[in-house]
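This report describes selected features of one protein structure for a reader who has not met it before. Please keep the sequence and the model in view while reading.

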Amino acid sequence: MAPLLSANRLIIMQITNNAVVQFHYTLSDASGELESSRKAAPLLYLHGHNQMLPKLEAALEGKTAGDTLEITLAPVDAYGERRDDAIQSVQVKHLQGAKKWKPGMVAWVNTDQGERQVTIVKVGMFKADVDTNHPLAGKTLTFALEVLSVREATAEEIAHGHAHGEGGHQH
């Protein structure tokens, strides 16, 4: 960790690898606010373990509790450019998140790379056409962040590769 000594001799923890960071965020695009953690619990993550967008994590590096920042990410640095060839047909039984599907709904499917979010384009009795682009693909996104706390990760959190506690992973 990289603690800093402040004028009153308190140790202030900087965000570095293996720091557990708790923060609030507001996400917006050109049309306005898309979502915010301020209506719920803040997020908690283990820094340096690929748990968020790389440019967002890099922007948080070196920050301390109380810091605020705003970062705008081009699609390539966020959720990628939209691909027109990203429509796939899947069996309805593999869609997770609802019992009845309609176009425009978001579903989860298990893939060889883990769970993936898809958007329903067309649904039939047994098969559905889904758009595998991330719902935020192709958008320039602005994140407004407020760092609430920074602490050293426990050995267990480092071994598990994620933060434990409210807003993080619960076992």
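## Surroundings of I15

Outside its neighbours within four places in sequence, I15 is in contact with V21, Y45, H47, L60, E61, G62, K63, V147 and V150. The residue belongs to the loop between β2 (11-13) and β3. I15 is buried, and its relative accessible area is 0%. The structure is a predicted model, and the values in this report are computed from it.

One of the contacts of I15 is L60. Along the chain I15 and L60 are 45 residues apart, while their C-alpha atoms are separated by 6.7 Å. For L69 the figures are 54 residues from I15 in sequence and 14 Å in space, C-alpha to C-alpha.

## The largest nonpolar core

In soluble globular proteins, nonpolar side chains tend to be buried together. In this model the largest nonpolar core has 23 residues, and L60, F143 and L145 touch the most other members. Two or more residues of this core come from each of β3, α1 (54-60), β6 (68-73) and β11 (141-152).

Leaving out neighbours within four places in sequence, the contacts of F143 are T26, L27, L53, L56, L69, E70, I71 and L73. L69 is part of strand β6 and counts as buried at 14% relative accessibility. With residues up to four places away in sequence not counted, L69 touches A59, L60, K63, F143, A144 and L145.

## Aromatic pairs

A pair of aromatic rings is described by the distance of the centres and the angle of the planes. How many aromatic pairs does a search of the whole structure find? The search gives two. In one of them, the ring centres of F23 and Y25 are 6.5 Å apart and the planes stand at 55 degrees, so this pair is tilted. Both F23 and Y25 are buried.

F23 also pairs with Y45: the centres of these rings are 5.8 Å apart and the planes stand at 85 degrees, so the pair is edge-to-face. F23 lies in strand β3 (residues 19-29) and Y45 in strand β5 (residues 43-46), so this pair ties together parts that are 22 residues apart in sequence. F23 counts as buried at 4% relative accessibility, and Y45 counts as buried at 3%. F23, Y25 and Y45 form one aromatic cluster. Y45 is also among the contacts of I15.

## A separate core and T119

Apart from the largest nonpolar core lies another core, of ten residues, including V90, L95, A107 and V118.

T119 is located in strand β9. Is T119 buried or exposed? T119 is buried, because its relative accessible area of 19% is under the limit of 20%. Not counting residues up to four places away in sequence, T119 touches G104, M105, V106, D129, V130, D131 and P135.

## The second largest pocket

Rolling a probe the size of a water molecule over the atoms shows where empty space is left. The volume of the second largest pocket is about 190 Å³. Its lining is made up of R83, Q88, V90, H94, V109, N110, T111, Q113, R116, V118, V130 and T132. Two of these lining residues, V90 and V118, are also among the members of the core of ten residues. V130, another lining residue, is one of the residues that T119 touches.

Which strands supply at least two residues each to this lining? They are β7 (87-91), β8 (106-111) and β9 (114-123). Of the contributing elements, β8 gives the most to the lining, with three residues. Sorted by class, the lining has four nonpolar, six polar and two charged residues.

## Two residues with positive phi

N18 is not a glycine, yet its phi is positive, at about 70 degrees. This residue is placed in the loop between β2 and β3, and I15 is found in that loop as well. N18 is partly exposed, with a relative accessible area of 24%.

N50 is another residue other than glycine with a positive phi, in this case near 55 degrees. N50 is in the loop between β5 and α1. With a relative accessible area of 70%, N50 is exposed.

Technical notes:
Residues numbered from 1 in each chain as written. Predicted model: local features only at pLDDT ≥ 70, side-chain atom pairs only at ≥ 80, totals over all residues. Heavy atoms only, no water. Phe/Tyr/Trp six-rings, centres within 6.5 Å; stacked < 30°, edge-to-face > 60°. Buried < 20%, exposed > 50% of the residue type's maximum accessible area, 1.4 Å probe, protein only. Helix = DSSP H or I, 4+ residues; strand = E, 2+ residues; numbered from the N terminus. 1 Å grid on protein atoms, 1.4 Å probe; cavity = no way out; pocket = protein on both sides within 12 Å on 5 of 7 lines; lining within 4 Å. Points joined across faces, edges and corners; volume = space filled by probe spheres on them. Nonpolar A, V, L, I, M, F, W, Y, C, P; charged D, E, K, R; others polar. Core = buried A, V, L, I, M, F, W, Y, C linked by side-chain atoms within 4.5 Å. Contact = heavy atoms within 4.5 Å.
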